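User: I am new to reading protein structures, and I would like to learn how to go from a single residue to larger features. Could you guide me through some cases?

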Amino acid sequence: MMYKKIYLLLLACSFSAFGFAQDMNALVSKVKAKLEKVKDYTANGKMKTDVAFIKAPIGRVKVFYKSPNKFKLQRDGGISVLPKGGVSINIGSMIMQSGFVAIDAGLSTVGGTAVRVVKLLPEADAGEIILSTLYIDETNLLIRKSVTTTRENGTYEMELYYGQYAAYGLPDKVLFSFNAKDYKLPKGITLEFDDTDKAIKDKMKGKKGRVEINYTAYNINTGLSDALFK
Amino acid sequence: MQSIVKVSGLTKQFNQLTAVNQLSFSVESGDVYGFLGQNGAGKSTTIRMLLTLITPTEGDISIFGYNLNTHRKDILAQVGAVIEKPDVYKYLSAYENLKLFAKLSGVKPTHKLLMDQLEMVGLAARANDTVKTFSQGMKQRLGIGIALVHNPQLIILDEPTNGLDPQGIADIRNLILILSREMKKTVIVSSHLLNEIEQIATRILIIDKGRKLVEGSSATLFNDQQTILQISVANLSAASATILNSEWAKHLLPERDGQLMVGLNKEDIPAFNRMLAASGVDIYSLQARHSLEDYFLQVTAGKQHVGTFTN
Amino acid sequence: MWEHLQIELYKVFKRPRTYLSFAAITALIGVIQLGLMVDGKEYTDFVMADFAGSFSVDGKILNGYFICYVILQLLLVHVPLLIALIAADMISGEANMGTLRLLLTKPQSRTAIVMAKFIASVIYTLLLLIWIAIMGLFLSMLIFGTDDLFLMKSSYVVIVKESDVFWRYAGAFCFAALAMVTVAALGFFLSFFAENSIGPIVATMSVIIVCTILSTMNIPLFNLIKPYLFTTHMITWKEFFDFKVNDANEAIIGSIQYPDKIIRSATVLLVHIVLFVGAAVWLFRKKDILS
């Protein structure tokens, strides 16, 4: 009797989970469908790296995207520093792939907008992404925020702000945050006497790193060649 | 006659060592002033003080009637010097060295002036060779060329013949005579070798251990000095005893080369001679020496003071 | 004075030894450039090993500006030797050669002679730095092109915008010149105490090495004297390559993080120069020339 009860309970749970997943898959698919209107795009952007121990000027970048998963961020001159694995800073990277389970994780708000929280679990075990959480604005079918946990490179958080390209699901601004590991350069290489104030050093420790890209001028569906992404 | 250099009470103390001690002397215009003393007697220190290379501990130096301390630049503009080895910039040519020092001496180094000067010291043909390739004698000639390039009134040569071969020594001697007699320069020349000096000096200063032993004109020195008798005898100790027991005892000098040495005034020689013969000393030879060198050796050896000379 | 200086410069630049330094610099820089041209990737990978674990750096790190920084970093440790080679020889070399006594019997003031000699060594030092700038900066810019300057500091990374780099090099070279003139002043001062040039050259290098060790070692006792050691301040040229950021952690173009550090170091170096040269003049005026 006992066993049967447990079995039924588990069954109920799995059914309900499945039921939610069905709903969420639909939502994700709708978002996906919206995004699929964009076959490719290029955009200019200004990228700001905000990591406590990185002092960098604002750099100009150019991004290229081609459906389903080709993405390239190119510096317009200069040197850029990006967290490892964060090279594919684009919303499509997760959602445009297939083979995941979408689970409803309730409602929330991002910047005053009501959003549905959806957790995406990859079906394959070996993938780099362990878990992805999307905060989807159901009304506009826009992803407002995503949190991605990776196997190798920690957790990234991406906030997206939309403006004139909202119709295409393309953000005007992407704010990418991650846990920056404490970083120390072995002495001897820098050939300098380390006399950085301790207060400054402490300030640089354990802070979240952020990369902010402000996009201007999207060129959508111009028919980019694959060669561009090589 | 005008005193070109006047030194009084000059003293130089290096820590415990008194290199020059209360030295006074004067050099007159037109002199070839021989500055004598053994190595370490204080000649170089004195000369370096004359050239402001060394600061005296005490004493005054005036040159051309001016105090050396207060008129250093004006005085040095009229002085040419070769101090010990004639060292110049080895990586420069003779011409370049001469040009450089002419400028420093306050002379406009025209090509003609420089070539004339090199001609004078016999280096015109080697004008553009680096000094590295020069022999000691050639360097010495270049040094003299440099010392004379600004036509100085006073020329100071410190041990100018050091390291030269006999021909080089003769050349220097001739040059000094030309400077003095033809060009009417005043020359101070130091040496530890008296025979070099006695041939050219008009006046001589002998110093030892930083002190003046004697100063005077060479004519006076040569005329007034005692004659030294060098006597070869059969029995040296017996002969010495004879002299020591006689009234001539104080004239006996330390023996040299197995011979008796006796310092006497010229007019006393016959009497001394008679005394020896009367005492039965067997004499093989008797030689009267007139050289300043013997005197120099004796006084600087500090063994016995032979006599006093006056100017 | 001007004539003196001309003569001293003439002597300096007539000596083969002088050009040895320029040749050495050319060779050193050439080797670094060649090495980085062939194996630069390895070098940057090595330097950034720790950093590259978490970040991917994109762009032309190995550009002319970066190469010059590497060159300065490596070279400014060795340039003091080349400067000592001339500066520490200024007086002792002449004493050794025997020309000092001849020089000082000329109707010139000793102060003028000694100042001319010092200024000549300063000019040599500056020319050497200009040569480093030509070879290390301009030639590197020509060979490797220019881009942002990516630097690893001991506790943070700095990326200087391409357009913001050049003036920093100008400042850094000026500062390096001051540091190297301090070395020249030290060598010059030490050259009074010997009648051969090897002694003062070795002494100069020894002083620099010992002081650098004291500056580098993190021991409380040494930390007390560190601020007064000129070697501590010789590398302050690096401060030109650090800028301020605003509250949003955005680089403020054209700013310097610690301008006060540069001013303080420059002051310490200047005081050293004045002390060394002042002592040299004072000693030289009363020195008995016995060589």
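Analyst: Let us begin with one residue, keeping in mind that this is a predicted model. T204(C) sits in helix α10 of chain C, which covers residues 198–216.

User: Is T204(C) buried or exposed, and why?

Analyst: A residue counts as buried when its relative accessible area is under 20%. T204(C) has a relative accessibility of 0%, and therefore it counts as buried.

User: Which residues does T204(C) touch, leaving aside those up to four places away in sequence?

Analyst: With those set aside, T204(C) is in contact with A84(C), A88(C), V183(C), L186(C), G187(C) and L190(C).

User: Now to sheets: what is the strand order in the open sheet of chain B?

Analyst: To read a sheet, one follows its strands from one edge to the other. In chain B the four strands of this open sheet come in the order β2-β1-β4-β5, and their pairing is antiparallel. Because β2 (17–28) and β5 (66–67) of chain B each have a single partner strand, they stand at the edges, and one side of each has no neighbour in the sheet.

User: How many bridges join β4 and β5 of chain B?

Analyst: Strand β4(B), residues 58–63, pairs with β5(B) over two bridges in the antiparallel sense, and N67(B) in β5(B) is the bridge partner of S62(B).

User: Which strands does helix α1 of chain B lie across?

Analyst: Helix α1(B), residues 43–50, lies across β1 (3–14), β2 and β4 of chain B, and it runs at about 120° to β1(B).

User: Finally, how is chain B divided into domains?

Analyst: The domain assignment gives domain 1 (3–222) and domain 2 (226–289) in chain B, and the C-alpha centres of these two domains lie 41 Å apart.

Note on methods:
Residues are numbered from 1 along each chain as its sequence is written. Chains are lettered from A and ligands numbered from 1 in the order in which they are written. This is a predicted model: local features need pLDDT of at least 70, side-chain atom pairs count only at pLDDT 80 or more; totals for chains, interfaces and linings use all residues. Side-chain values use heavy atoms; hydrogens and water are left out. Domain bounds come from an automatic or database domain assignment. Two strands pair if DSSP finds at least two bridges between them. Contact means heavy atoms within 4.5 Å. Axes are lines fitted to C-alpha atoms, for helices over the stretch in contact, and angles run from 0 to 180 degrees between N-to-C directions. Buried means under 20% relative accessible area, exposed over 50%, partly exposed in between (1.4 Å probe, protein chains only).
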